[in-house]
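Biologist: Hello! I am new to this structure, so could you walk me through it, one question at a time?

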Amino acid sequence: MPDKAALRALPSVDRVLGAAECAPLVTRFGRAEVTAAVRAALAEARAAGALPDAAAIVTTAGKGLAARHRSNLRPLFNLTGTVLHTNLGRALLAEEAVEAAAAAMRDAVALEFSLETGRRGERDDHLRDVLRELTGAEDATLVNNNAAAVLIALNTLGAGREAIVSRGELIEIGGAFRMPDIMAQAGVRLVEVGTTNRTHPKDYRGAIRPETALIAKVHPSNYRIEGFTAEVGGAELAAIAREAGVPLMNDLGSGTLVDLSRWGLAKEQTVREAVAEGADIVTFSGDKLLGGPQAGFIVGRRDLIAAINRNPMKRALRMDKIRIAALEATLKLYRDPDRLAERIPALRLLARKGPEIEAQARRLLPLVAQHLPAGIDVEVCACRSQIGSGALPVDTLPSAGLRLTAPRGRDLEALAAALRDLPRPVIGHVRDGALVLDLRCLTDERAFLESLSALPGTHGLA
C-alpha cells in the first residue's frame with residue numbers, strides 16, 4: 001500500500017477538473033456535479049491506497065455520474081411471456097399516440113379552452129364525442145385509472161347507501177386492491193348476494209330495499225370460477241335494476257372496444273355490448289386491451305355522468321394533457337378496425353402466431369448462444385404467453401422462446417441478474433430450473449442482440 005507521502009502524489013481536484021478528458025463531463029453534467037464526483041473518486045482511491053492519474057480519476061467519476069443520471073425507467077425487453085405486464089408498464093403505445101403526447105408536451109394546448117368561443121372549456125370534451133361514437137353511450141368522462149373510475153362512480157351513485165354485489169365478484173387484484181375496501185372508501189355499504197360460485201336473479205331481487213342505491217356487476221379480472229356456477233347476465237341484471245328504480249354499474253376491468261376473436265383471441269364482452277345490455281354506467285381501463293395510456297373511462301347515462309363530473313373527487317382524479325392527447329390519438333385509431341392490429345402494439349403482439357414466433361426463436365438461437373457466458377446452454381422451447389393485467393385470466397397464447405440452463409442454480413440466478421444489468425435490460429422468467437425468454441414481445445432483434453453483446457464473458461458463472 002502506498003505510504004502517505006505517495007498518496008500526496010494523487011492529482012488535486014483542480015488538476016483533474018482541468019484535464020482535457022474532464023471537459024465533456026462538465027458540459028454534460030455541470031461543474032458542481034463533476035467536482036463532487038471527482039472528490040468521491042479521489043476519496044475512493046485514497047481508501048484503496050491506489051495512485052490513479054487524472055485520466056483514470058475522470059473515468060471513475062464519469063462512470064459514477066452516468067449511473068447517477070441513468071433513468072430507472074429505461075427501456076427494456078419484456079420477454080416474460082406476459083404482454084400487458086403491470087410491473088413493466090402494461091400496453092405499449094401506438095406511434096400516433098406517442099407523437100400526440102410529445103406534441104402536447106412541447107407546446108401550450110387548448111386543454112380547457114374553447115377555440116370556438118374563446119372561453120373556458122372542459123378537458124373531457126377532447127374525448128367525449130369519440131367515446132360516445134365507439135361505445136354507443138349517451139355520455140362519457142374519464143379519470144386517471146379504472147380504480148379511480150370505480151371509486152368516483154360508487155361515491156357519486158351510492159354514498160351513504162347500499163350497493164348490491166355478487167359474492168363471486170368481490171375481487172382482489174394486484175396491489176391489494178379489494179372491491180369491498182373501495183366500496184368502504186367510497187362511502188357505500190356493501191350488500192353481498194348469492195354464493196361464491198352461484199348467484200341468481202332472486203338473490204338480487206331479495207336484497208333490494210329503500211336503502212339500495214345501485215347494483216354493481218364486477219368483472220372477475222384475474223381469476224375465473226368454473227364448474228358448478230351461475231351468474232346473472234348484464235341484460236337480466238339491467239332489467240332487475242330498472243324494476244327497482246336503481247342504476248346498474250358494470251365494471252369491465254380491462255375493457256375492450258372491439259371483438260378480440262377476429263385475431264384468434266377469446267371472446268370478451270365489449271364496452272358497446274355492455275352499454276347495449278342496459279348498464280347505466282360502464283367503467284374500463286385505457287392501458288390494457290384498449291392499448292392506450294393509463295386511464296379510467298366512465299360511460300353511460302347522461303344524467304349520471306353529469307353527476308360524476310360534479311363530484312369534488314373529479315378534480316383530484318382528472319387526467320393531464322399528455323395522456324389526454326395520447327388517448328385521443330389511440331381512440332381515433334379504432335375508427336379503422338381493419339388496421340388495428342397493425343397500428344396498436346398491444347393487439348399486434350397478442351395477434352402474433354405461434355409458428356411465426358418459433359421461427360424467430362430458431363433464427364435467434366445461434367446468435368444468442370454466441371453472447372452467453374461459458375457453461376450456459378440454450379435451446380428453443382414452446383411457451384404459453386399470458387395476456388396479463390387481469391385480461392382473459394385463464395386464456396394463454398401459444399408462443400416460443402429460448403430456454404437457458406446452467407449447471408448450478410446460482411449460475412442461473414447470476415445470469416438473470418446480469419441480463420437485468422444490461423444497458424437495455426432483458427427480463428425473462430424462471431421456470432422448471434431454466435431461465436425462459438418468451439419471444440412474443442420481441443420486435444427489434446438487432447437491438448436485442450446488441451444488448452446481449454454487452455454481457456461480459458463471465459459473471460461468476462461456471
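**A guided tour in questions and answers**

Modeller: Gladly! In this predicted model, the largest pocket holds about 970 Å³ of space. Among the residues closest to its centre are L76, L88 and R90.

Biologist: Which element gives the largest share of the lining of the largest pocket?

Modeller: The elements that give two or more residues to this lining are β1 (77-78) and α17 (345-350). The largest share is three residues, and it comes from α17.

Biologist: How many residues of that lining are nonpolar?

Modeller: The largest pocket is lined by 29 residues. Seven of them are polar and six are charged. The nonpolar residues number 16.

Biologist: You mentioned R90. Is R90 buried, partly exposed or exposed?

Modeller: R90 lies in the loop between β1 and α6, and its phi is positive, about 60°, although R90 is not a glycine. Buried would need a relative accessible area under 20%, and exposed one over 50%. With 22% relative accessibility, R90 therefore counts as partly exposed.

Biologist: And D432, is that residue buried or exposed?

Modeller: D432 also has a positive phi, near 50°, in a residue other than glycine. Its place is in the loop between β14 (429-431) and β15 (434-438). The relative accessible area of D432 is 67%, so this residue is exposed.

Biologist: Let us turn to the strands. What is the order of the strands in the open sheet of seven strands?

Modeller: The pairing in this sheet is mixed. Neighbouring strands are turned by 25° against each other on average, direction ignored. The order of the strands is β2-β10-β9-β8-β7-β3-β6.

Biologist: Which strands stand at the edges?

Modeller: An edge strand here has a single partner strand, so one side of it is left without a neighbour in the sheet. The strands in that position are β2 and β6 (189-193).

Biologist: Is strand β10 largely enclosed or left open by the rest of the structure?

Modeller: On one side of β10, G296, I298 and G300 are buried, and on the other side F297 and V299 are buried, so both faces are covered. Five of the five residues of β10 (residues 296-300) are buried. That is why β10 counts as largely enclosed.

Biologist: Which residue of β10 stands opposite A140?

Modeller: Strand β2 (residues 139-143) runs antiparallel to β10, and five bridges join them. On the other strand pairing, β9 (residues 281-285) and β10 are also antiparallel, over five bridges, and V282 has V299 as its bridge partner in β10. The residue opposite A140 is V299.

Biologist: Which residue of β7 is the bridge partner of A163?

Modeller: Strand β3 (residues 162-166) and strand β7 (residues 212-218) pair in the parallel sense. Three bridges make up this pairing. In β7, the partner of A163 is L214.

Biologist: Now for the charged side chains. How many salt bridges does the structure hold?

Modeller: Side chains of opposite charge can pair when their charged atoms come close. One network of salt bridges links E96, D336, R339 and R343. The structure holds salt bridges to the number of 31.

Biologist: How many residues apart in sequence are the parts that E445 and R363 tie together?

Modeller: E445 and R363 form a salt bridge, with the closest N and O atoms 2.5 Å apart. E445 lies in helix α20 (residues 445-452) and R363 in helix α18 (residues 354-369). E445 is partly exposed at 21% relative accessibility, and R363 is partly exposed at 46%. Because the two residues sit in these helices, the pair ties together parts whose separation in sequence is 82 residues.

Biologist: What about E356 and R352: which relative accessibility makes R352 count as buried?

Modeller: The side chains of E356 and R352 meet in a salt bridge of 3.0 Å, N to O. E356 is partly exposed, with a relative accessible area of 42%. R352, however, counts as buried, because its relative accessibility is 12%.

Biologist: One last pair, E112 and R123. Is R123 buried or exposed?

Modeller: E112 and R123 meet through their side chains in a salt bridge of 2.6 Å, N to O. Both residues are in the loop between α6 (95-106) and α7 (125-135), eleven residues apart. The relative accessibility of R123 is 11%, so R123 counts as buried.

How values were computed: Residues numbered from 1 in each chain as written. Predicted model: local features only at pLDDT ≥ 70, side-chain atom pairs only at ≥ 80, totals over all residues. Heavy atoms only, no water. Salt bridge = Lys/Arg side-chain N within 4 Å of Asp/Glu carboxyl O. Helix = DSSP H or I, 4+ residues; strand = E, 2+ residues; numbered from the N terminus. Buried < 20%, exposed > 50% of the residue type's maximum accessible area, 1.4 Å probe, protein only. 1 Å grid on protein atoms, 1.4 Å probe; cavity = no way out; pocket = protein on both sides within 12 Å on 5 of 7 lines; lining within 4 Å. Points joined across faces, edges and corners; volume = space filled by probe spheres on them. Nonpolar A, V, L, I, M, F, W, Y, C, P; charged D, E, K, R; others polar. Pairing = 2+ DSSP bridges. Axes fitted to C-alpha atoms, helices over the stretch in contact; angles between N-to-C directions.
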